[in-house]
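Got the model loaded and a selection box ready? Let's walk through it stop by stop.

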Amino acid sequence: MSSLDLARWQFAVTTLYHFLFVPVTIGLAWFLVGFQTAWYRSKEERWLRATRFFGKLFLINFALGVVTGIVQEFQFGMNWSAYSKYVGDIFGAPLAIEGLAAFFIESTFLGLWIFGWDHLKPKVHLATVWLVALGTTGSAYFILAANSWMQHPVGYKINPVTHRAEMTSIFKILTNSTLIRAFGHTIAAAVLTASMLVLAVVALHLRRRTDVQLFAPIARIALWTTLVGAIVTMLLGHTQAQLMTKQQPMKMAAAEALYKTESGATFSLFDIGPWQRRPNKSLVSIGLPHFLSVLADNNWNGRVEGMNDLQTQYEQKYGPGDYKPIVGVTYWSFRVMAGLGILAFALAAVGLWLARVPERLERSDRFNRIAVWGLAIPMLANLSGWLFTEIGRQPWVVQGLLLTKNAVSPTVSAWSVGLTLAGFTLLYGVLAGVEAKLMIGAAKAGPDGAGTYEPKDGQEAVGVPALTY
Amino acid sequence: MLAATVHHGYWNLQTLWFFLIVVLWIGYFVLEGFDFGVGAVLPFVGRDVEERSVLIRTIGPVWDGNEVWLLVAGGATFAAFPGWYSSLFSGFYLALFLILVALILRGVAIEYRNKRPDAEWRNRWDVVLAVSSGLAALLWGVGVSDFVGGVPVDASGQVTANLLDLLHPYAIFGGLTMLALFAFHGALFLSLRTAGELEARAKATAARLGLPAAALVVGFLIWTYANARSNGKGLVPGIVPIAAFCLPFAAGAFLRSQRVGLAFTATAASVALIVLTIFLNLYPRVIVSSTDSALSPTIWTTSSSHYTLTVMTIVALVFTPIVLLYQAWTYWVFRARITGTDVRTPLTQH
């Protein structure tokens, strides 16, 4: 394998791994805000217990999110130095702003939140968790601003001397049409992910009949947020797809396995092409006629461009080359993502249906067993979403401006990339095991009890006990 | 890369950003320096799991905020000097990989150690924390020394070093210097933040580290000065390195007279001035080329456009003071010394 292939694998491995933790952090932070605010306002102890319990899960998850985030920032320079040089003027700015304006807030106030229970006034302590949630959400905005520029470059010019992209408007970059939708979609998906995590943990306890009084209302909250999260994610995903049809038609055509430009295009339900990276026809294709045109363009007979025709256009525009992404991965990752979104919605709907009758949800062993495994739904959907977004853009690293093959570090050998790829994969694998064990252990252990606690070492419980850390 | 010879004066955005990045590195090394140090002296100051819980607790609320200084330094370099960022990060490839591994293990050790009550689990993470902290301190020392020590650079301004090019004697000496100084700095931090027997032991450890750290700093700065003289570029730092090597001695003296706060301030200032010395020595270059000094990339050959630098200047001037305020407030909130009871409160499993 060349250093390019290895660098791409490394980016895929480290980025997807990082994104296992990110949506949980963002979404769960808002759950903590909700629980702690409820406690602050109602003074009901159950909300405090919920805050502390889910806070513990939040922290286990947060640790790996942070440490893998450093790799994200460093690897642009390490593996993609040609890219970094080319886009640094634009891409570096949102990354730096993210650190300065969002990640500093998130990290500093998280420290205050964890250790500040006894040191801060309740109101100030509540403010710290709000700032953590706002910080994580702000981080997402700036990181997506950088990514959206790769999907749809705006607010730049190409310097004729250096041939590098230069920023002409930070305002345009921070209000990129792609960014606005991607941000909403990502945040909604993060809420959906955290909701299904909460639901899974709650279901675990409902099955065992532990702490039912605490968990039954939380199950209902999580079902509603799952439902709303799924709807918003799908609606925004739909507007993203419409925009993508204009901005990245090749990606959208690959997502639909649409080879020829069609008016009244068919929405594909199932498609198999020849076993090639970039085929030019389908072998088996089942779909709903006209539906793609309606989805893409709100028009029964709308014209949707196909990959073969786009390929011809791009060759004229950019010169010879293959401008299709890997069609199979693009097509199926899109379908897996969308399908799982629908599944999440369905699970929440069933749960809410059960929840109408008192005790029915709590006692439904079947539903709660499914809900525990339901956590896999948003996790896989998140990963599929990024696979689709990034693979669908290939062969470009910056759409229309820079090809991925020209972005890799020229001075780094394949051996070096291979070594670090192996190193990160091994380290990440081990840490995933430790993390999973800790998460499951903490989830099963349940919240620290009201009245169930026995002091050890003859100590008295004084005041509000500090959060487990 | 011919612009290296042209003098552009000091009143420009490139110079401003060069020194803003210096400020970020100083922030990173002064702050994370003591939490690296706490990790490195952990086995020497803390004799059992519970004592080590107290020691780790002193950095618990702040280490993550400290590490963000690195992320911002990296991000700011990316934004303001893409050529520097890309050349440096790809050129120091395996060294950075090792640093990343050390930082990952360190973060995980701090965060995961207290998630389970059993002593064996905690012991294991304590070993990881001590080794990774020491390694990170050493590697950063090596890396920063390589900025000025010189590495092979090709005609396009790309660093072409392999791992062995980075491990020349001057850089290794720099690594040992940083390790010793951070350990001293960390032991002083612990002397300020603990009480009773742990405080006494932290002070004793600091007292033992003071002289070796000070001697290494003197040696490192003399070596740096000799290097700088031989290639005749960069600002002549004068008072800065002199103060930098006097301060660790002052810290030792303050410690002996029980003025630990002043001693800690002195090591913090020494770390800051060493970083400043290195970057003053570098200016206006961003990396020293050992191949041919004319090939050294400079702030002029690697910077972003005027527009990006202007935008980033506004962002930095607005947010940096705010960050400083709330981080300072955090240290104020957690100013009380940590004792065994802090980590033994019933529901906590510190």
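## A two-chain tour

Keep in mind that this is a predicted model. Start in chain B, where helix H6(B) passes helix H8(B) in a right-handed crossing. Select residues 119-149 of chain B for H6 and residues 169-193 of chain B for H8; their axes come within 7 Å and cross at roughly 135°. That crossing makes H6(B) oblique to H8(B), because only angles over 145 degrees would count as roughly antiparallel.

Now show side chains where the two helices meet. On the H6(B) side you'll find, among others, Gly134(B), Ala137(B), Leu138(B), Leu139(B), Trp140(B) and Gly141(B). Further along H6(B), the contact also includes Val142(B), Val144(B), Ser145(B), Asp146(B) and Gly149(B). Across from them in H8(B), pick out Tyr170(B), Ala171(B), Ile172(B), Gly174(B) and Gly175(B), then Leu176(B), Thr177(B), Met178(B), Leu179(B) and Phe182(B). Colour the residues of this H6(B)–H8(B) contact by class and you get 13 nonpolar, 7 polar and 1 charged.

**Zoom out to all of chain B.** How many helices and strands does chain B have? There are 14 helices and 0 strands, so a cartoon view read from the N terminus goes α-α-α-α-α-α-α-α-α-α-α-α-α-α. The radius of gyration of chain B is 20 Å, close to the 20 Å that the globule rule gives for 350 residues, so chain B is as compact as a globular protein of that length. Turn the C-alpha trace of chain B along its principal axes and you'll see a span of about 65 × 35 × 35 Å. Of the 350 residues in chain B, 61% are buried. If you like contact maps, take the contacts in chain B between residues at least 6 apart in sequence: 81% of them join residues at least 24 apart.

**Next, the interface.** Show both chains and select what touches: 62 residues of chain B are in contact with 62 residues of chain A. On the chain B side, four helices each supply at least two residues: H3 (63-80), H4 (82-91), H5 (93-113) and H13 (306-333). Which helix gives the largest share of that side? Highlight H13(B), which contributes 13 residues. Coloured by class, the side of chain B that touches chain A shows 35 nonpolar, 23 polar and 4 charged residues.

**Step across to chain A.** Here the cartoon shows 15 helices and 8 strands. Chain A has a radius of gyration of 24 Å, close to the 23 Å that the globule rule gives for 469 residues, so chain A is as compact as a globular protein of that length. Its C-alpha trace spans about 80 × 50 × 40 Å along the principal axes. Buried residues account for 54% of the 469 residues in chain A. On the contact map of chain A, 76% of contacts between residues at least 6 apart in sequence join residues at least 24 apart.

**Last stop: a helix pair in chain A.** Select residues 81-115 of chain A for helix H3 and residues 122-151 of chain A for helix H4. Their axes lie 8 Å apart, and the helices pack at an angle of about 160°. That makes H3(A) roughly antiparallel to H4(A). Is the crossing of H3(A) and H4(A) left-handed or right-handed? Look down on the pair: the crossing is left-handed. Colour the residues of the H3(A)–H4(A) contact by class to finish, and they divide into 21 nonpolar, 6 polar and 2 charged.

Notes:
Residues numbered from 1 in each chain as written. Chains lettered and ligands numbered in written order. Predicted model: local features only at pLDDT ≥ 70, side-chain atom pairs only at ≥ 80, totals over all residues. Axes fitted to C-alpha atoms, helices over the stretch in contact; angles between N-to-C directions. Parallel < 35°, antiparallel > 145°, perpendicular 65-115°, else oblique. Left-handed = near helix turned anticlockwise from the far one by under 90°. Nonpolar A, V, L, I, M, F, W, Y, C, P; charged D, E, K, R; others polar. Contact = placed C-beta atoms within 7 Å. Rg over C-alpha atoms; globule rule 2.2 N^0.38 Å. Buried ≥ 20, exposed ≤ 12 C-beta atoms within 10 Å, placed from the backbone.
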